[in-house]
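Colleague: I should like to go through this protein with you, one feature at a time. May I begin with the rings?

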Amino acid sequence: LSIDGIVTDPAGEPVGKVEIQVRTTGQARRTLRKVSSGEDGRFVAAGLPEEPLTLLFDAPQGHVSAVREELEPPLRDLEIELRETARVCGRVLDEETRVARGTWVRAVPNDAGPIGEYARWVQVKTYEIDPETGQFCLDDVFPSETVELSASAAGYQTVVQETPVTPGEEAGPVELTLKRGVALEGTVVTRDGLPVPEATVRGRRTAMVYTDRFGEFRITGLSPGMNRVIADHPDYAMREREVMLPLGVEDDFRIELGRGGSIEGTVTRSNGEPVEGVPIAAVGRAQRTDADGRYRFDAVPEGELTVTREARDRYDNFERRSVEVIEDETARADFTLGALLEGQVLRNGVPVPNVTVVLAIPHDPTEVAGGSYTVQRTFSDVGGNYRLPGVRAGWATVTLERGREEVVRMVEIPPGE
């Protein structure tokens, strides 16, 4: 099936060179097609399934990007009107009326509708601040009744101010004043109390600093009140700590880093053959399996974490395994490609697409409650079909999720390939 239409501006003039993405709805949000509008503003997206779809319109400069949801092909002469963007100008100085080095200003609309999920289409940021006057201008700002302007620089608290922005007009001038932030001095040490030099330390919105040879650091630009501080080092597991600022005169702030645990595993086919080049992701890091199908993550923080086997070749779904990481121990998450559990999601005999299918297989089949599980997730396709590789025969729990609907069933997985 197909969707065709025309993209115009508020005056009814055609808008060309609009990049249009056709995506499925639901959590999967797979991109099915990418097309562009011509000089006459017209576009056609063909070869589409008979299901609700989402269209993203990545507009050229001077126009506001847009999204249209729940469009069911076939559709003819769909009319999309793109609003004009706006401009916001102003001045940003510190309390001593000076321009702070490295100052940046960002504009984020408070009411962007569905397009707000796609940050790069609604946020505008600039480092182009006049070094003498602090003057700035943000072009292509998403119009909204209130747009949040934020400014920051190293050593300063982030300042936020709201202003209304009208399409095709210039808002401002906006005056932003940066205030010096609170400083935090502390030490990064091992569990044995030894200093950790060359560790990175940062707050949520501060620049990253390094500890010296005594493990000591100083961060500036933190806000008074509760702050989160993150310390990391290649030889240790990352650690986060919350701290109330400013510290008392007698208070001593220390972050202890442990070696953490490790996560390792293999990716093989059902016959035991290793699979090279499969993407594996965990703890914000990613790598590909080697020639032996192996992967390993070291210096992993303690706790329950998720390991994801990303899509590759015909295994276009993905798998997620939950593992418990313990200090100085290695957790395993092995993946098997080739043995597939296939099924279909129906409602009154009609296939249901874009359903999240969650399969929980107990590590010990004799333990009904309180045991550990291997958890895998995937989504049903247009025909309601789903595939989960590497499952074991035996009982398991399957959960189907779609919007606010949820169905949980205990199932028996048959043996076989």
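Colleague: How many aromatic pairs are counted?

Modeller: This is a predicted model, in which local features need pLDDT of at least 70 and side-chain atom pairs count only at pLDDT 80 or more, while totals for chains, interfaces and linings use all residues. Side-chain values use heavy atoms, with hydrogens and water left out, and residues are numbered from 1 along each chain as its sequence is written. Rings of Phe, Tyr and Trp (its six-membered ring) pair if their centres lie within 6.5 Å; planes under 30 degrees apart count as stacked, over 60 as edge-to-face and the rest as tilted. By this rule the number of aromatic pairs is four.

Colleague: Of which kind is the pair of Tyr118 and Trp121?

Modeller: Both Tyr118 and Trp121 are buried, where buried means under 20% relative accessible area, exposed over 50% and partly exposed in between (1.4 Å probe, protein chains only). Their centres are 5.5 Å apart and their planes are at 50 degrees, and the pair is therefore classed by the angle rule as tilted.

Colleague: Why is the pair of Phe217 and Phe253 given its class, and how many residues apart in sequence are the parts that it ties together?

Modeller: The ring centres of Phe217 and Phe253 are 6.5 Å apart and the planes stand at 85 degrees, so this pair is edge-to-face. Phe217 is buried at a relative accessible area of 5%, and Phe253 is buried at 3%. Strands (E, at least two residues) and helices (H or I, at least four) are DSSP runs, numbered from the N terminus. Phe217 belongs to strand β18 (residues 216-222) and Phe253 to the loop between β20 (236-245) and β21 (254-257), so the separation of the parts in sequence is 36 residues.

Colleague: Which residue lies over the face of Trp104?

Modeller: A charge sits over a ring if NZ of Lys or CZ of Arg is within 6 Å of the ring centre and within 35 degrees of the ring normal. Here the distance to the ring centre of Trp104 is 4.3 Å, and the residue is Lys125.

Colleague: Which element gives the largest share of the largest nonpolar core?

Modeller: A nonpolar core is a set of buried Ala, Val, Leu, Ile, Met, Phe, Trp, Tyr and Cys residues joined through side-chain atoms within 4.5 Å. Of the 22 residues in the largest core, Val92, Val105, Leu138, Leu176 and Leu178 touch the most other members. Among the elements that give two or more residues to this core are β8 (86-94), β9 (104-109) and β11 (135-141). The largest share, four residues, comes from β14.

Colleague: Which two strands are tied together by the disulfide?

Modeller: A disulfide is a pair of cysteine sulfur atoms within 2.5 Å, and the whole structure holds one. Cys89 and Cys137 form this link with their sulfur atoms 2.0 Å apart, and 110 degrees about the S-S bond make it right-handed. Cys89 counts as buried at 8% relative accessibility, whereas Cys137, at 29%, counts as partly exposed. The pair ties together parts that are 48 residues apart in sequence, because its cysteines lie in strands β8 and β11.

Colleague: Is Asn227 buried or exposed?

Modeller: Asn227 is found in strand β19 (residues 225-233). A polar contact is a pair of N or O atoms within 3.5 Å; within protein, one must be able to donate a hydrogen and the other to accept it, and residues adjacent in sequence count only if both atoms are side-chain atoms. Polar side-chain atoms of Asn227 lie 2.6 Å from the backbone oxygen of Ser223 and 3.0 Å from that of Gly225. With a relative accessible area of 12%, Asn227 is buried.

Colleague: With which side chain does that of Arg180 make a polar contact of 3.2 Å?

Modeller: Arg180 is found in the loop between β14 and β15 (182-190). Contact means heavy atoms within 4.5 Å, and, leaving aside neighbours within four places in sequence, the contacts of Arg180 include Glu95, Arg98 and Gln157. The polar contact of 3.2 Å joins the side chain of Arg180 to that of Tyr156.

Colleague: How many strands are there in the protein?

Modeller: Of its 417 residues, 45% count as buried, and its C-alpha trace spans about 75 × 70 × 40 Å along the principal axes. The number of helices is zero, and the number of strands is 37.
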